[in-house]
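Q: Could you walk me through reading some features of a protein model? I would like the general idea and then the case at hand.

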Amino acid sequence: MEYTELSAYDLPAGTVTSWTPRADAGRWQQDPRDLSPGHEAHLRDSEPGSWIGSVLRVPGPYEPESLRRAIHAWMSRHEVLRTTVTRDGTGWRRVTAPAEAVTVRDLVVGDLSAGQVAALLPSLLADVSPTAWPHCVLASVVPEPGALDGAGFVLAFGADHSVMDAYSQLLWFEEIVSLYDAARRGVPDAELRALEVGSHVDFSAEDRKLAMTLAREGEPVRRWLDFLGPDAAFPRYAGITRPAADAAEAARPQASRSEWLASADQTDDLSARSRARGASAQSGVLAAFAHAARRVHGLDRLRFVLPMHTRYAPQHASAVGWYVGLCPVDLDLSGTGPLLRDVDGRPGPARVLDGDALTTAVERVHAAVSAGKPLVRYSFARVAELGGIADSPHFAVSYVDTRFVPGAERWSSWAARTLRSPAYGTDELYLWFLRTHDGLNVSTRYPDTPQAHAAMDALVAELRTVLRAFGAAGLREAVA
């Protein structure tokens, strides 16, 4: 599993079909449930052409009517895919369509070469907006004979962030394949649509209620302002991100890369050692990253935003929606030793793992994340409104363990991949660490400048070196 732009996916030549939800204008119903503050901020600040999505190779023969029924069942199960907003004076009001009012229209675009498919699909999936329904569209590519190994076809979707988060992207793989298989077997529509999950629309209303309890002088606002400092500005990664010098730099596409850092054995070892020290695999990975940043760029202190899920209620565990909060992390490694110790005059590798340094590092990461975690449940959009914060994150690090998502063991055979649209500018560094059945992957986007490329090359190389210290084939551990 990797998280990349669609341009990094191997798309075949074949017949391209777009799949677009439709609903009669008269079937939309006024919905009294409030929008979350984050949704309202997204309506105000989102960039045109911004989307997230997923792509996979669906096993089995292509049956258009079965695919239509599967897509309709997916839309029916998740209310957030059938809701949108309309202007209400100076604000927004929600409207929702019942499942029976939604249809799925297919449009055969044509038989295209692989290059034409690669050029067309991003524009099809980018045809979503936070202000115009549908907020999710799909496209299929039925390959020419022999274009793919075995039977199957490519299916992808693009969605606006108001209705989708990273976990929703991952859930889609198993759900859509299962629905398609069931539709091919002739399972009735009513049975296909049956899934008892919570609605993100309900979650949004509750999120707003909680957000409106915040006060300007309250602890969540104060703690965020303390983290941001007197200028209320998000921290940057020195040497990689910087404000754009002009409009041309601000419009420059960012670089994107995906790297495998560690095997499953190495990642499991790091996880076990972190748990033995009272922390988690997330703490271990972030500790390795922080030590790599310190060795390469001399950064004793890392301050970044850690996106974390807000799926606290069991009914939302399998729901599609935007369940994400922000955790401020202030990690200081001052006074600690390096994870890898240089050892001279002894047989074996020149650098060995320092167990004491690992203990200190994971403990500090655990403490830093724990300190910021209580703020995740409070809408940052509301905090920003109360605290007069106009800036947005410049340096974000994410960690997701995907191994227990339904269907994860089959993702490799499906060539499954989560997608993000291109981003622009020189002022952001995002890293997504994904723990999978195959090991640890990092996906990054960063400024497309020579300095940033060199810095990222060095950072990734050092991080890979650190992670090789773990696992059965890793380096020896130093004894104090």
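A: Happy to; we will look at two helices, a sheet and a loop residue in what is a predicted model.

Q: Let's begin with helix H3. How does its end-to-end distance fit with its number of residues?

A: A helix advances by a set rise per residue, so the span can be checked against the count: at 1.5 Å a residue, the twelve residues of H3 (residues 114-125) should span 16 Å, and the end C-alpha atoms, 17 Å apart, agree with that.

Q: Which residues of H3 are buried?

A: Here is the general idea to keep in mind. With 3.6 residues a turn in an α-helix, residues three or four places apart point the same way. In H3, the buried residues are Val117, Leu121 and Leu125. These three lie on the same side of H3, because the arc they cover around the axis is only 40°.

Q: And what covers the buried residues of H3?

A: The cover includes four strands: E2 (14-23), E7 (102-112), E8 (136-143) and E9 (153-159).

Q: How do E2 and E7 run relative to each other, parallel or antiparallel?

A: They run antiparallel, with ten bridges joining them. One of the residue pairs is Thr17 with its bridge partner Val108 in E7.

Q: What is the strand order of the sheet?

A: It is an open sheet of seven strands with mixed pairing, in the order E1-E16-E4-E9-E8-E2-E7. Strand E1 (3-4) and E7 are the edges; each has a single partner strand, so one side of each has no neighbour in the sheet.

Q: Now helix H4. Where is its kink centred?

A: The kink, of about 35°, is centred on Trp172. End to end, the 19 residues of H4 (residues 166-184) reach 28 Å from first C-alpha to last, close to the expected 27 Å. H4 is also mostly covered, with 14 of its 19 residues buried.

Q: What is found at the ends of H4?

A: At the N-terminal end, Asp165 acts as a cap, with a side-chain oxygen 3.3 Å from the backbone nitrogen of Tyr167. After H4 comes Gly186, with a positive phi near 90°.

Q: One last residue: is Asp427 buried or exposed?

A: The cut-off for buried is under 20% relative accessible area, so Asp427 counts as buried at 16%. Asp427 sits in the loop between strand E16 (417-420) and strand E17 (429-436). Its side chain makes a polar contact of 2.6 Å with that of Arg236. Beyond its neighbours within four places in sequence, the residues in contact with Asp427 include Thr241, Arg242, Pro243, His394 and Pro447.

Notes. Residues numbered from 1 in each chain as written. Predicted model: local features only at pLDDT ≥ 70, side-chain atom pairs only at ≥ 80, totals over all residues. Heavy atoms only, no water. Helix = DSSP H or I, 4+ residues; strand = E, 2+ residues; numbered from the N terminus. Expected span 1.5 Å × (residues − 1). Buried < 20%, exposed > 50% of the residue type's maximum accessible area, 1.4 Å probe, protein only. Arc of directions from axis to C-beta. Contact = heavy atoms within 4.5 Å. Bend = angle between axes of the 7 residues up to and from the residue. Polar contact = N/O pair within 3.5 Å; in protein donor to acceptor, adjacent residues only side chain to side chain. Pairing = 2+ DSSP bridges.
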